[in-house]
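Here's a walk through one model, going from its charged pairs to its helices and then its greasy surface. Keep the viewer open and follow along.

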Amino acid sequence: STDASEREIKQAYRKLTVVMHPDKNQDDPAAAEKFMKLNNAYRSLTDPEARENFLKYGNPDGPTHFSIGIPLPSFMSKGENGVMTLIILFVMVLVVIPGFGYCLYLSLYRSCLLYTSDAADE
C-alpha cells in the first residue's frame, strides 16, 4: 500500500526475506533474482527520496529519459556525415521509394491493359 508506515514495511520485508531467501528455495533457479528484487524494493521504500520518486514517477530512480534516434553506424551520424545522411534518407523516403512504387503500378497497369486488349482481339 502507498500509505504503509516504515514499521509495516520493515515487518513485511522481514517476513518475505525468510520465505524468499535463496537458501530456503534451492530448487528455484530464479530465487536469487527474486531476492535481489525484494532487497531493491525494500531499499526503495525505506529511502525517503527513492520512495517519493517511486510514488511520483513509478521508478525509484526518478524520471527516466526517452530518446528516439535513427539506428545508424556512428561514422554515418557524426559530424559532417550526419547532415548528408539525413538528406539522403529524406530523398529516399520522399522521392525514390514512392517513385519506384509508381513505376511498379504503371507497369502492372499497362500489362493488365495489354492482356485485356489481347484477349478482346481474339
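Two salt bridges turn up in this predicted model, if you count a side-chain nitrogen of Lys or Arg within 4 Å of a carboxyl oxygen of Asp or Glu. Side chains of opposite charge can pair when their charged atoms come close. One of the bridges joins lysine 37 to glutamate 33, with 3.8 Å between the closest N and O atoms. Why do these two sit about one helical turn apart? Lysine 37 and glutamate 33 are four residues apart in helix H2, so about one helical turn separates them. An α-helix has 3.6 residues a turn, so residues three or four places apart point the same way. Lysine 37 is exposed, at 54% relative accessibility, while glutamate 33 is partly exposed at 47%. For the wording here, buried is under 20% relative accessible area, exposed is over 50%, and partly exposed is in between (1.4 Å probe, protein chains only).

The other bridge links lysine 34 and aspartate 28, at 3.3 Å from N to O. Both partners are partly exposed: lysine 34 has a relative accessible area of 42%, and aspartate 28 comes in at 27%.

A quick word on bookkeeping. Residues are numbered from 1 along each chain as its sequence is written, and side-chain values use heavy atoms, leaving out hydrogens and water. As this is a predicted model, local features need pLDDT of at least 70 and side-chain atom pairs count only at pLDDT 80 or more, whereas totals for chains, interfaces and linings use all residues.

Now zoom out. The protein chain has five helices and zero strands, where helices are DSSP runs of H or I with at least four residues, strands are E runs of at least two, and numbering starts from the N terminus. Of its 122 residues, 12% are buried. The average pLDDT (the predictor's confidence in each residue, from 0 to 100) is 80, and 89% of the residues score at least 70. Confidence peaks in H1 at a mean of 90 and is lowest in helix H4 (residues 74-77) at 70. Where pLDDT is low, the predicted coordinates should not be read in detail.

Helix H3 (residues 48-57) is a nice one to rotate. Its buried residues are Ala50, Arg51 and Asn53. They cover an arc of only 160° around the axis (taken from the directions from the helix axis to the C-beta atoms), so they end up on the same side of H3. That side packs against helix H1 (6-20) and helix H2 (31-46), with contact meaning heavy atoms within 4.5 Å. Turned away from the buried side are the exposed residues Pro48, Glu49, Glu52, Leu55 and Lys56. Just after H3 comes glycine 58, with a positive phi near 80°.

Next, find methionine 76 in helix H4. Which residues does methionine 76 touch, not counting those up to four places away in sequence? They are Asn81, Gly82 and Thr85. Methionine 76 is partly exposed, at 28%.

Finish on helix H5 (residues 80-121), which holds methionine 84. Methionine 84 is partly exposed at 49%, and it belongs to a nonpolar surface patch of about 1100 Å², whose members include Val83, Ile87, Phe90 and Leu94. Patches here take residues with over 30% relative accessible area and no salt bridge, joining like charges within 9 Å and nonpolar side chains (Val, Leu, Ile, Met, Phe, Trp, Tyr) within 5 Å; accessible areas come from the Shrake-Rupley method with a 1.4 Å probe, and for residues only the protein chains shown count as cover.
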